[in-house]
Amino acid sequence: MNEQKMPNPVNPLLKFWGIMLAITLILNLIVLPLISSSRVRETSYSFFLDSVEKGTVEMVQIEQSEINYIISQDGITQVCKTGIIDDPTLVPTLREKDIPFGSVIPSEPNPIMSFLLSWIMPIAMIGLMSYFLNRNLRKRMGNMPGMQFGSGKTGKQYVPDENSVKFSDVAGQEEAKESLMEVVDYLENPEKYAKVGAKCPKGVLLVGPPGTGKTLIAKAVAGEANVPFFSISGSEFVEMFVGRGAAKVRELFEQASKNAPCIVFIDEIDTIGKSRGSSFSTNDEREQTLNQLLTEMDGFGANKGVIILAATNRPEILDPALLRPGRFDRTVPLELPDLQGRIDILKVHAKNIKISGDIDYNYLARATSGASGAQLANIINEGALRAVREGRDAVLQEDLEESIETVIAGQQKKNAIMSDEEKKIVAYHEIGHALVAALQSHSAPVEKITIVPRTSGALGYTMQVEEGDKYLVSKSEALARLATIAGGRAAEEVVFNEITTGASNDIEKMTQLARSMVTKYGMSDEFGMMGLSQQSGGKYLDGGEQMNCSQATAEKVDKEVRAIINAAQEKARQLLRDNMDSLHELSAFLMKEETITGKQFMEILNKEPVA
Ligand code: ADP
């Protein structure tokens, strides 16, 4: 292992006081005498007598070995001194010229006092000043990683106790739990593996979108195995000073080996594990840190009992060296929860709050399709907060339903007032979407529509409740979806003969879907199953698509996409024109009530003869 001596933490302190002493010495021995001597001019005795004669001397002070005097000439006053001469005529001359003179009684300087003043005081003052400066600096940088010089501390240490996280606190994610069970088993019974000669993975990479419980499951592994849990974020390694990051990695591993068996959790490993040389600009500090991490991972034996779990949501940018066998050789994906997963997560978090009456978890889970574990936990908490706001001591189903809207669409803006004209447009727009959807599927398209402005900037919110998980989308479903998205703008067109900026998000979604149909899903007549694009960004964060075809083909793709979008828009317009009465009635209802449920929607729709 590449051992390097850490700098001794006492050295900087000694250095500091050494510098302080040097400054005081220079001040006392060189600077101060220089200053004081430069202020007094040394003259000859004859010059002194001449000045007395001329009458330029203002005052004379006769001391034991020298005469100090002040001369004033042409408006300039100067202090001068000269040696003493046995001159009995001096005093009568001074009297004659009427120049005040005197003698100072020599006093023994107090050696202790002068030592205190010239040596101890400056040192103490500089010391105090630097102490306060340092304290302020530390306070300001308090949470900044890497500013605790020589503290040797890395991350927090969690010693699992009975309250610590267990696998039962992690809902869903069964596949991930199964993979990690082996790690737990190894930590509990290392001899079982040693007997067979099996090596446990040194590092496990947890990949998945944000908020899917990567940190939680890592803690749960430590909790299940009842071993210490060291956690550090990748960004904490990235330091202001080159070399500190690598030193931190060394410290972390040193501390971990002393506490083995244990779990070391590195969150956001992509901050240091980014592929080296993948960008034009190099970052020495990051590369050194990564190299140190690789060295440390190679350094400790597989059966030493230190297992590293690392989390990232950008696995594609990690350096291949990090993923080779012997390092992070196992990858555990954590995906967004499915319907059952969401139900379980809601239930796990609902255990911590007081609930009154029956809660329909299935309904809540269906209304939160695509939400992450962290969002679901937040929904439960927002529900509890709402109950407190309303002065209740238990959470009701309606609190949770309302909090879904809060978490997904943002808080209702209390003082945002929409003009009646705008409200009317928003109502028609939202009903346009829902009506096109309902006319195509002949069932309730949405759970609820509200037209209260949200802090997220949305003017209306449509709550959709999925029947169940859906993994495949047919071409006709995709086309119907396009028409539904176009429904908002189409309603504005057919009713007001005018269009607004309210459809920008719809336009984005439609284009994306139509383009994917042509380039990715092979749903266009012209190109068939020809793949025309490839994913360019990450899988878990919103990555872009890159065209994978010639310029001429790209132009044809654009034409095809435009044709699909135009057809969807025309279909939406036609459906709405054929059902103008329903459109007006539903929009009037929404405008008046500001909220319409799926049930009310279908009642009004079914009243009218559907064209
Ligand atoms: P990540 O590290 O993947 O970004 P976290 O582990 O920090 O996500 O999750 C944040 C919070 O979300 C957790 O503290 C927990 O409350 C909640 N959470 C996420 N996934 C789950 C899950 N599967 N079961 C229970 N709670 C979850």
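1. In this predicted model, a polar side-chain atom of His-349 lies 2.8 Å from a nitrogen atom of the ligand, a polar contact being a pair of N or O atoms within 3.5 Å. Two further pairs involve ligand oxygen: an N or O atom in the side chain of Thr-215 is 2.7 Å from an oxygen atom of the ligand, and a polar backbone atom of Leu-216 is 3.0 Å from an oxygen atom of the ligand. The ligand exposes 560 Å² when taken alone, and the protein buries 79% of that, with accessible areas from the Shrake-Rupley method and a 1.4 Å probe.

2. The ligand is surrounded by 16 residues, of which the closest are Ala-171, Gly-211, Lys-214, Thr-215 and His-349; a residue is near a molecule if one of its heavy atoms lies within 4 Å of it. By class, this shell has 7 nonpolar, 7 polar and 2 charged residues, where Asp, Glu, Lys and Arg count as charged, Ala, Val, Leu, Ile, Met, Phe, Trp, Tyr, Cys and Pro as nonpolar, and the others, Gly among them, as polar. At least two residues of the shell come from each of α7 (214-225), α13 (339-350) and α15 (373-389); helices (H or I, at least four residues) and strands (E, at least two) are DSSP runs, numbered from the N terminus.

3. An open sheet of 5 strands follows the order β1-β4-β3-β2-β5 with mixed pairing, two strands being paired if DSSP finds at least two bridges between them. Because β1 (40-42) and β5 (101-103) stand at the edges, each with a single partner strand, one side of each is left without a neighbour in the sheet. Neighbouring strands of this sheet are turned by 25° against each other on average, direction ignored.

4. Within that sheet, β2 (residues 57-62) and β3 (residues 66-73) run antiparallel and are joined by 5 bridges, and Val-57 has Ile-71 in β3 as its bridge partner. Helix α2 (residues 45-54) lies across β1, β2, β3 and β4 (76-83), at about 45° to β3; axes are lines fitted to C-alpha atoms, for helices over the stretch in contact (heavy atoms within 4.5 Å), and angles run from 0 to 180 degrees between N-to-C directions.

5. A second open sheet has 3 strands in the order β13-β12-β16, with antiparallel pairing. Here 3 bridges join β12 (residues 448-450) to β16, and Thr-450 stands opposite Thr-595 in β16. Helix α22 (residues 598-607) packs on the sheet and touches β12 and β16, its direction making about 80° with that of β16.

6. Residues are numbered from 1 along each chain as its sequence is written, and side-chain values use heavy atoms, with hydrogens and water left out. As the model is predicted, local features need pLDDT of at least 70 and side-chain atom pairs count only at pLDDT 80 or more, whereas totals for chains, interfaces and linings use all residues.

Methods:
Polar contact = N/O pair within 3.5 Å; in protein donor to acceptor, adjacent residues only side chain to side chain.
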